[in-house]
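Let's take a walk through this model, starting with how residues sit at the surface and ending with a pair of distant positions. Have the structure open as you read.

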Amino acid sequence: MALTLAAVAVGLVSASGVPGMVLPGRPRLGQLLSCAALCAGAALGIGAAVSALAGGTALNVHHPWPVPLGSLALRLDGLSAIFLLPILAVPALGSVYGLGYWPQHVLGGRAARLQLLYGLVTGSMALVTLADNALLFLFAWEVMAVSSFLLVLTEQEKPGVSRAAFAFLAATHVGTFALFALFSWAGNARHSFDFAQWQGLPAAGATGVWCLALLLAGFGLKSGLAPLHFWLPGAHAAAPSHVSALMSGVLLKTGIYGLLRFTGLFDAPPVGWGMTVLVLGAVSAVLGVVLALAQHDLKRLLAYHSVENIGIIAMGVGLALLGRARAEPALVLLGFSGAALHVVNHSLFKSLLFLGAGSVQHATGTRDLEHLGGLGARMPFTSLLFLVGAAAISGLPPLNGFASEWLVALGALHSMDRPRGDVVGFAVLAAPALALVGGLAAACFAKVQGTVFLGNPRSEHAAGAHESPTAMLLPMAALALACAAIGLAPSLLLPPLARAAAAWAGLPPSALAGPAAEAGRSATLVSGAALALLLAAAALWLFRRRRLPGPMPTAETWGCGYASPTARMQYTASSFAASLVRGFGWAVRSRVRLSPPRGLFPAQASFATEVADPVLDGVLLPAAGAGERWLVRLRAAYPGRIQFHAVLILLTLVATLVWSLLL
Amino acid sequence: MTDLLARALFQAGLVLLAPPLLLGIVNRVKALFAGRKGPPLWQAYLDLAKLLRKGAVYSRTTTWVFRAGPVVGLAAVACAGLMLPVGGQPALLAFPGDFILFAYLLGLARFFTALAALDTGSSFEGMGAAREVTFASMAEPALFLALIVLARATGSLSLSGMLGPGLTGAWSAAAPALLLALIGLFVVTLAENARIPVDDPNTHLELTMIHEVMVLDHSGPDLAFILYGAAMKLFLFGAVVVGLVQRSGTAGPWASRAWFLLGVAGFAVLVGVVESVMARLRLTRVPQMLVGASVLSVFALVLLLR
């Protein structure tokens with residue numbers, strides 16, 4: 001029943017953009033119908049996922065499919081349901097936001113196309129989490145990749161957009177290629193392409209190393225795990241904001257889903273798997289947040305924070321894999337539930353922040369931090385909602401980001417429960433790494449909130465800003481409420497997470513019951529502390545109100561006696577982050593363009609910095625440039641006749657023939 | 001039941017009432033070193049009472065964030081106090097991983113103080129906020145590492161367990177590691193609480209301040225909240241440092257409470273001595289000092305894990 005609902009939801013969501021396309025004469029009605037269809041489909045799918053999480057048993061259907069090696073096999077278990085929730089909820093809210101942000105009656109056919117692709121990418125993401133057959137999975141994976149590529153291209157006339165979209169397309173297809181290799185190996189080993197037949201694949205030895213490499217290449221590229229994140233900031237910054245919210249909030253998570261789903265199929269992954277994923281996660285988290293600190297484009301900054309959060313999720317996955325390798329149920333439970341909860345949490349606060357960034361861009365026409373400021377007085381609701389997202393992503397209590405980071409950190413601490421000399425004990429260093437990342441993220445979001453919403457406006461655009469329409473505020477409010485709710489009561493989510501973790505690790509549910517109960521008790525006390533915090537803050541606020549009744553006198557900000565400060569005297573975003581960025585100079589290279597003031601009466605002077613991505617600008621583009629120069633030289637020796645092609649093909653055939661005879 | 005009540009009252013009373021006294025002791029020690037008589041020990045209480053009776057002046061640039069900063073800051077620090085074991089007794093709120101919540105609540109206080117500073121649009125306060133978050137992001141891993149050493153040595157993941165009865169055995173089994181962690185913890189304490197050699201609470205030049213410059217525009221009850229919160233934070237760190245060196249469980253609970261009070265006073269004297277005999281470090285040196293503290297704790301951890 002739940003699975004049928006989910007399948008109907010996939011269909012409804014995928015086709016939700018059709019009304020907008022077939023009603024070009026009535027754009028408002030078309031977009032409203034499309035949005036309603038997407039929301040209805042999402043509601044059905046969420047209902048199915050909730051009932052699957054509450055029930056705790058996996059549901060399967062299996063139908064023949066005339067495609068060779070394929071079958072229409074669907075499966076809804078705890079893992080799929082956890083991912084299905086944000087995958088449906090975020091795009092539904094995003095499409096409501098789109099009513100105000102990307103209205104069809106103003107933008108015409110382009111908005112209708114965007115709506116069509118928006119539904120299609122949502123449906124294909126949902127199908128990815130439900131697919132139980134390799135071909136069906138790859139089909140959905142490919143639809144998802146191509147439709148999100150087209151979504152990035154929405155504003156292709158803007159500079160840099162088509163380049164970013166191309167980098168995304170290339171990266172995603174390299175990843176798919178790795179998945180082809182992995183799936184053909186597994187399919188040949190098991191003579192079936194149904195995932196149900198792949199349970200218990202061997203993970204030991206050299207085969208295991210290859211499998212891990214393919215898994216990390218395929219799913220790491222999709223999820224933006226460093227150093228495979230190079231395509232991500234460009235693509236997420238180039239898309240319209242509600243598309244960025246979808247891409248950063250949920251599309252990346254399909255990579256994490258793949259990593260969890262397929263590591264779950266392998267039998268007893270060795271310690272090396274967990275350690276590799278853990279270390280990659282830590283590198284990704286630190287690198288992501290450091291690069292984010294150096295950005296002054298609001299959306300690029302948020303995109304780099306996705307690299308950071310994917311890193312935190314990967315740390316949880318790594319800990320859970322270590323738990324499986326050492327048969328430590330507490331480690332499995334805490335790592336898995338921390339990662340899974342952070343998947344949900346990150347999708348909530350990251351899409352909230354991207355929608356907020358969209359509102360800022362909508363109101364001011366810029367997303368350069370150095371041109372913003374003072375929006376808190378002009379857009380009070382957006383400012384408050386963005387603050388909730390900023391505190392949540394920094395992992396501050398009492399919001400949801402803390403709950404999941406706390407679970408991952410607790411998992412890292414439990415890795416110390418090993419005898420002396422066990423290398424797994426050193427996984428505890430993930431906890432201080434998380435603390436470093438949390439501190440840097442808080443620094444970065446103090447910078448963002450401070451330079452965008454607080455202080456004085458730094459440009460006329462910012463000074464003339466206006467509050468967003470209700471259609472844009474409501475989805476943000478819903479996301480902020482969800483962040484607060486999960487942060488206040490994380491213990492309610494632990495039982496379903498524990499069931500999913502047990503199914504993932506191939507353990508009976510009772511094996512994780514003890515650690516789950518203990519973590520639940522601690523989580524209840526965390527809720528208690530959060531409640532105490534809210535009460536204390538409310539009491540202090542009331543006390544302050546009693547002490548300071550009525551309007552208080554106002555004055556200029558203290559400037560050491562200087563009485564007419566201007567907005568240009570404020571600390572800028574770049575200077576706020578400068579000392580941290582300098583401290584991490586080994587990772588962040590800033591390109592400085594400086595024309596200093598010269599002469600006694602300097603007329604013109606300018607200063608601009610731009611932060612290069614260490615992987616894309618530091619390694620890939622130079623390598624590609626060198627390769628291109630080499631190929632150009634090769635072309636000089638190439639006569640360009642069709643007979644030459646035929647000879648080349650023949651020579652290749654002969655070479656392969658000789659190769660196969662020799663082996 | 002009476003034991004629980006006594007614990008609750010002692011912890012709440014101490015966390016709420018003792019902090020300003022700590023500032024008095026520190027200032028008295030500094031005065032003695034400088035050959036002055038110095039203010040009375042209870043001067044900070046008088047300052048707080050006076051500020052609470054005053055009105056406030058607000059910058060025209062500010063919004064509600066500026067007014068919320070001190071409130072959230074004080075509430076978060078007080079909440080962190082719920083998890084603090086005092087006098088060798090377990091805290092009111094103790095669970096595995098509570099020190100993570102402890103550290104992140106202090107982070108919440110810092111986040112809102114920095115936002116309130118940025119809300120004024122002043123470059124001085126922006127500078128202070130930038131420095132505060134920069135140093136804090138280096139101090140936080142150092143704090144985690146020191147506490148993880150304690151956790152490994154005592155086999156407990158809660159602050160109450162780390163500073164509880166298991167500590168006596170840990171000192172006899174792993175004294176070098178605990179000593180390294182203690183040094184790391186003391187350095188973090190000085191940095192987190194804006195004391196010399198990281199920041200000078202008595203400085204008068206806006207350009208060189210860290211913590212003090214962030215709160216330049218606050219006045220009246222808001223400033224009282226900030227001063228009280230800062231004193232409470234110093235007390236929290238002091239209590240952890242004292243808990244780490246105190247041998248508990250040898251005498252009755254009240255004896256160990258008395259020893260604890262003496263220890264906290266001694267901690268305040270130590271901070272005062274450090275402030276009197278040391279100069280401030282250059283700002284660029286501070287991250288090196290904090291990384292050094294982290295490295296000490298990593299050494300300690302390697303000693304315990306290998």
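Before anything else, a cut-off we'll lean on: a residue is called buried when its relative accessible area is under 20%, exposed when that area is over 50%, and partly exposed in between. Keep in mind, too, that this is a predicted model.

Let's try the cut-off out on a salt bridge. Lys158(A) pairs with Glu155(A), and their closest N and O atoms are 3.0 Å apart. Lys158(A) has a relative accessible area of 37%, so it counts as partly exposed. Its partner Glu155(A) comes in at 12%, which means it is buried.

Now zoom out to chain A as a whole. It holds 26 helices and 7 strands. Its C-alpha atoms fill a box of roughly 90 × 70 × 65 Å along the principal axes. Does the radius of gyration speak for or against a compact globule? For a chain of 663 residues, a compact globule would have a radius of gyration near 26 Å, and chain A has 26 Å, so the two agree. As for burial, 56% of the 663 residues in chain A are buried.

Back to the salt bridges, of which there are 18 over all chains. One of them joins the side chains of Arg418(A) and Glu328(A), at 2.9 Å from N to O. Arg418(A) sits in the loop between α18 (400–414) and α19 (430–453) of chain A, while Glu328(A) sits in the loop between α14 (298–326) and α15 (329–364), so this pair ties together parts that are 90 residues apart in sequence. Both Arg418(A) and Glu328(A) are buried.

A second pair to look at is Arg593(A) with Glu610(A), whose closest N and O atoms are 3.3 Å apart. Here the partners come from strands: Arg593(A) is in β6 (residues 589–595) and Glu610(A) in β7 (residues 606–612) of chain A, so the bridge ties together parts 17 residues apart in sequence. With a relative accessible area of 52%, Arg593(A) is exposed, whereas Glu610(A), at 34%, counts as partly exposed. Salt bridges can also share partners, and that is how Arg326(A), Glu328(A), Arg418(A) and Asp422(A) are joined into one network.

Next, the surface. Which residues gather in a patch of positive charge there? They are Arg546(A), Arg547(A), Lys50(B), Arg53(B) and Lys54(B). The elements giving two or more residues to this positive patch are α23 (513–547) of chain A and α3 (43–53) of chain B. Arg546(A) is found in that helix α23 of chain A, and at 70% relative accessibility it counts as exposed.

There's a nonpolar patch on the surface as well, covering about 430 Å² and made by Tyr638(A), Phe644(A), Val647(A), Leu648(A) and Leu651(A). Pick out Phe644(A), which lies in helix α26 (residues 642–662) of chain A. Its relative accessible area is 32%, so Phe644(A) is partly exposed.

Last stop, chain B. Asp119(B) lies in the loop between α5 (98–118) and α6 (123–154) of that chain. Is Asp119(B) buried or exposed? At 0% relative accessibility, Asp119(B) counts as buried. From there, look across to Gly292(B): the C-alpha atoms of Asp119(B) and Gly292(B) are separated by 33 Å, with the two residues 173 apart along the chain.

How values were computed:
Residues numbered from 1 in each chain as written. Chains lettered and ligands numbered in written order. Predicted model: local features only at pLDDT ≥ 70, side-chain atom pairs only at ≥ 80, totals over all residues. Heavy atoms only, no water. Patch = residues over 30% accessible without salt bridge, like charges linked within 9 Å, V, L, I, M, F, W, Y side chains within 5 Å. Areas by Shrake-Rupley, 256 points an atom, 1.4 Å probe, with all protein chains shown as cover. Salt bridge = Lys/Arg side-chain N within 4 Å of Asp/Glu carboxyl O. Lys, Arg positive; Asp, Glu negative; His and termini not counted. Charge placed at Lys NZ, Arg CZ, Asp CG, Glu CD. Helix = DSSP H or I, 4+ residues; strand = E, 2+ residues; numbered from the N terminus. Buried < 20%, exposed > 50% of the residue type's maximum accessible area, 1.4 Å probe, protein only. Rg over C-alpha atoms; globule rule 2.2 N^0.38 Å.
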